[in-house]
Amino acid sequence: MAEMRIPFFKPSIDDSDIEAVAESLRSGWLTSGPNVKELERELAEYCGATYVNAVNSATAALHLALCAWDIGPGDEVIAPVYTFSATANVVIHTGATPVLVDVRDSDANIDPEAIERAITPRTKVIIPVDFAGEPCQMDAILDIAQRHRLKVLTDAAHSVGSDYRGKPVGSMGDATAFSFYATKNMTTGEGGALATNDQALSDRARVLTLHGITKDGWNRYAAGGTWRYDIAEFGFKDNLTDLAASLGRRQLKRLDGFNERRAQVVQRYFANLRDEEHVILPGFDEANHRAWHLFMIRIKNEQSPVQRDEVIDQLAARGIQTSVHFIPLHYFTAYQKLERWQKGDFPVAERIFEGAISLPLFPDMTDDEVDEVCHALREILHPA
Ligand SMILES: Cc1ncc(COP(=O)(O)O)c(C=O)c1O
């Protein structure tokens with residue numbers, strides 16, 4: 001394979017990030033401690049949530065919220081079929097049943113009408129996923145949730161820094177899960193957070209995060225801490241380290257700048273590709289101020305002389321790395337084994353997937369790199 005001159009993604013790590021982690025190392029406090037507490041406070045302020053629990057992934061945040069609500073066998077949780085598998089895997093891990101629904105053609109976000117149709121007396125939670133950073137239709141989803149007395153747990157792995165009609169993602173619904181994975185809009189390497197306005201949820205999730213210990217682990221070793229602790233219930237090991245949190249605090253300070261540059265890159269993609277007849281550009285709602293996590297175009301396979309898979313290969317041959325978000329969940333072996341879904345069940349998600357290509361997008365991407373990707377794409381789509 002050709003060397004990837006333009007990667008799909010590159011984390012933006014500067015000297016201040018490195019110094020923050022070095023400082024954390026020098027402090028001698030490596031696991032969850034003061035940096036975790038500060039990250040939680042700063043993120044809560046940033047996203048308008050009353051409580052934030054920093055954890056080691058968005059997957060953990062989603063799982064902890066479901067467990068803290070006692071979601072389990074007999075319960076149903078509605079999630080979009082067009083997402084990363086973590087969104088629905090965690091439902092399986094609780095023993096509950098994931099009920100997959102289709103998405104909207106315009107933005108690949110969960111379709112509120114499909115949610116409504118999927119509700120049964122067993123439904124307990126809706127997990128909307130803010131695909132590529134675009135907030136879901138929260139007014140409609142919260143209205144459905146209120147009418148049917150359901151919880152809303154937003155998978156905001158892509159949308160840290162997004163606003164939905166002036167409300168920050170993290171401030172709406174019952175809980176929100178953020179991801180700080182290496183490719184995300186801000187990173188701690190691996191990491192995530194659960195944001196909520198519900199103290200009971202935050203408190204129970206905190207106990208479940210660390211084995212079920214009733215006192216924060218780091219309190220045990222603080223001045224005045226005691227060796228005594230209780231295991232109140234059977235918890236997990238999902239805490240974030242202070243090393244990671246020290247990076248997260250720096251990245252959070254830089255997040256608005258990252259998202260601004262991402263938006264500039266996206267604008268340049270739009271300007272470059274506006275007239276390209278063989279692609280569909282991503283839809284978005286102007287009423288939102290969104291963070292762009294992905295720039296996903298769709299190749300119009302039925303009219304384009306070159307199909308999606310071939311476009312990806314030819315871009316790679318020119319040193320341009322891309323990705324596909326997402327393979328619909330019902331295509332995966334583990335989901336097929338559940339014998340609940342078949343190809344054809346989710347026509348919109350399936351159609352989107354057929355043409356989907358996520359183009360390179362990261363804060364340090366230059367205008368020349370954007371132009372090169374677009375130039376290559378146009379040449380590939382219009383062979384001589
Ligand atoms: C939509 C979505 N949800 C959840 C996750 C899981 O995030 P994490 O790796 O932090 O667990 C991802 C990660 O790629 C994602 O894209």
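Which residue in strand 11 does Ile280 stand opposite? In this predicted model, the partner facing Ile280 is Arg298 of strand 11. The pair belongs to a small story of strands that is worth following outward, beginning with the sheet around it.

Strand 10 and strand 11, the latter made of residues 295–299, run antiparallel and are joined by two bridges. They are part of an open sheet of three strands, arranged in the order 10-11-12 with antiparallel pairing. Strand 10 (279–280) and strand 12 (356–359) each have a single partner strand and stand at the edges, so one side of each is left without a neighbour in the sheet. As a general reminder, the strands of a sheet pair through backbone hydrogen bonds, in either a parallel or an antiparallel manner.

A helix accompanies this sheet. Helix 9, residues 242–273, lies across strand 10, strand 11 and strand 12, and runs at about 20 degrees to strand 11. From first C-alpha to last, the 32 residues of helix 9 reach 43 Å, close to the 46 Å expected at 1.5 Å a residue. Helix 9 also carries a kink of about 50 degrees, and Arg254 is at its centre.

The other sheet described here is open as well, with seven strands in the order 1-9-8-5-4-2-3 and mixed pairing. Its edges are taken by strand 1 (51–55) and strand 3 (97–101); each has a single partner strand, so one side of each is left without a neighbour in the sheet. From one strand to the next, the twist averages 25 degrees. Within this sheet, strand 5 (residues 151–156) pairs with strand 8 (residues 175–179) in the parallel sense, over four bridges. Here Ala156 of the model stands opposite Phe178 in strand 8. Helix 4 (residues 86–94) packs on the sheet and touches strand 2 (76–80), strand 3 and strand 5. The direction of helix 4 makes about 150 degrees with that of strand 3.

Attention can now turn to the ligand. It is surrounded by 16 residues, the closest being Thr59, Asp155, His158, Ser179 and Lys184. For Thr59, a polar side-chain atom lies 2.5 Å from an oxygen atom of the ligand. Ala58 contributes through its backbone, where a polar atom is 2.9 Å from an oxygen atom of the ligand. Asp155 approaches a nitrogen atom instead: an N or O atom in its side chain is 2.7 Å from that ligand atom.

Conventions
Residues are numbered from 1 along each chain as its sequence is written. This is a predicted model: local features need pLDDT of at least 70, side-chain atom pairs count only at pLDDT 80 or more; totals for chains, interfaces and linings use all residues. Side-chain values use heavy atoms; hydrogens and water are left out. Two strands pair if DSSP finds at least two bridges between them. Contact means heavy atoms within 4.5 Å. Axes are lines fitted to C-alpha atoms, for helices over the stretch in contact, and angles run from 0 to 180 degrees between N-to-C directions. The expected span of a helix is 1.5 Å times one less than its number of residues. The bend at a residue is the angle between axes fitted to the seven residues ending there and the seven starting there. A residue is near a molecule or strand if one of its heavy atoms lies within 4 Å of it. A polar contact is a pair of N or O atoms within 3.5 Å; within protein, one must be able to donate a hydrogen and the other to accept it, and residues adjacent in sequence count only if both atoms are side-chain atoms.
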